[in-house]
Structures are given as structure tokens and as C-alpha cells.
Amino acid sequence: MEILQVEAPLVCTQRVSGLQHVALKVLRNVKTGMRQVAVDPVGCREGNWVFTSLGSAARYAAGEYSVTTDLTICGIIDYWEEEAS
Amino acid sequence: MKICQVERPLVATNRIPGLEHRHLQVVKDGSVSSVAVDAVGCKPGDWVICVGSSAARDAAGSKEYPSDLTIVGIIDHWPPKGATA
């Protein structure tokens, strides 16, 4: 499971029915600067450090297998010292 | 399977219900840190083998468990004799 920081919520009104009404977040890998979008069943805030499941595990993590995602936030890390960026 | 070194336990109070109360560990594969579900009970510094994809879900307990990286074994001796880490 990858460790990422929450950058912002993502609003996306026009979506496929498979994505249902799940909340989306933009996550950033602080080391590489790469951004990814993940389903957020936890309810995290900007700046939170989270860990994510990818692939088919992401669909189970979303709470319902019918959600068509490949990246889901599994939890908020209680304490994570910020790596020097 | 990946060979990783356990860095430390990861505390995440706010997590999805699917993750249950399983222990999580921060593991290092080279310079990349990731989070793995600890199915064996390892200590910081241990060298372990980790499985990914659907085997990670199965290894963590059930087919529906939302893990994409699970620790499945502690390596007795690593690195092998004569090799450099």
C-alpha cells in the first residue's frame, strides 16, 4: 500500500455509472510529485497522510465491489513525519 | 514476491472497516516505502517477503480483504552469505 498526501478534493459531476457517487480526492506522491485520484471512503482532509490500496483490492476497499476504481484510500496515518521535500 | 525490510509499525486509527484491526507495517524496498498488512508478526529490522495483487488479499485472511501488499514470511538469513546488502 502506497503512502500519499491528500492535496485537494476532486469534483467530477459527469461520470460513468460505475463510479456511483463516491467522493474523490487528488493525492500526491511527495517524492516524485506524481498526482493520482483515489476514492475516499474514510473522509480525509487536505494535508492528511494516507495509505492506499490499488488494483482489485481497491474495489473491495471502496466498500462495494461494484465501484469501478483502481485506487482507494484505506486509512489516515496518525503520525507521519514529513520527508524533506 | 518482494523482499523488503520492516521499518516500523504504522498507526492508523481512522481506517475503513474492511481493514479490521490488523497490524500494519512500513516496509522498505530499496528507497521506496510502502505499507503492508502484517500477517505473521514481525519486528522492525526484519527482512520479510511480501506478496501483491490478489494473493495479498487471500494471504491477509479472506478474498474480500482490501490489501494489495501482505507480509507472508520472515526471512531467516538475509542477505545470503557472501553477498552484499
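This report covers the fold of chain B, its contact with chain A and one residue at that contact.

The model is predicted: local features need pLDDT of at least 70, side-chain atom pairs count only at pLDDT 80 or more, and totals for chains, interfaces and linings use all residues. Residues are numbered from 1 along each chain as its sequence is written, while chains are lettered from A and ligands numbered from 1 in the order in which they are written.

**Chain B**

Chain B has one helix and five strands. From the N terminus on, they run β-β-β-β-α-β. Helices (H or I, at least four residues) and strands (E, at least two) are DSSP runs, numbered from the N terminus.

The radius of gyration of chain B, taken over C-alpha atoms, is 13 Å. The globule rule (2.2 Å times the number of residues to the power 0.38) gives 12 Å for 85 residues, so chain B is as compact as a globular protein of that length. Its C-alpha trace spans about 45 × 25 × 20 Å along the principal axes.

Buried residues make up 38% of the 85 residues. A residue is buried if 20 or more other C-beta atoms lie within 10 Å of its own, exposed if 12 or fewer, and partly exposed in between; C-beta atoms are placed from the backbone.

Strand 3 of chain B (residues 32–38) is mostly covered, with five of its seven residues buried. The table shows its pairings. Two strands pair if DSSP finds at least two bridges between them.

| Partner of strand 3 (chain B) | Bridges | Direction | Opposite residues |
|---|---|---|---|
| Strand 2 (residues 24–29) | six bridges | antiparallel | D29(B) and V32(B) |
| Strand 5 (residues 69–74) | two bridges | parallel | V37(B) and T70(B) |

Strands 2 and 3 of chain B form a hairpin with two residues between the strands. There, G30(B) takes a positive phi near 70°.

**Where the chains meet**

19 residues of chain A are in contact with 22 residues of chain B. Contact requires C-beta atoms, placed from the backbone, to lie within 7 Å. On the chain A side, helix 1 of chain A gives the largest share, four residues. That side divides into 13 nonpolar, four polar and two charged residues. Ala, Val, Leu, Ile, Met, Phe, Trp, Tyr, Cys and Pro count as nonpolar, Asp, Glu, Lys and Arg as charged, and the others, Gly among them, as polar.

I76(A) lies in strand 5 of chain A. Not counting residues up to four places away in sequence, I76(A) touches residues including V42(A), A12(B) and N14(B). I76(A) is partly exposed, because 19 other C-beta atoms lie within 10 Å.

Technical notes. Contact = placed C-beta atoms within 7 Å.
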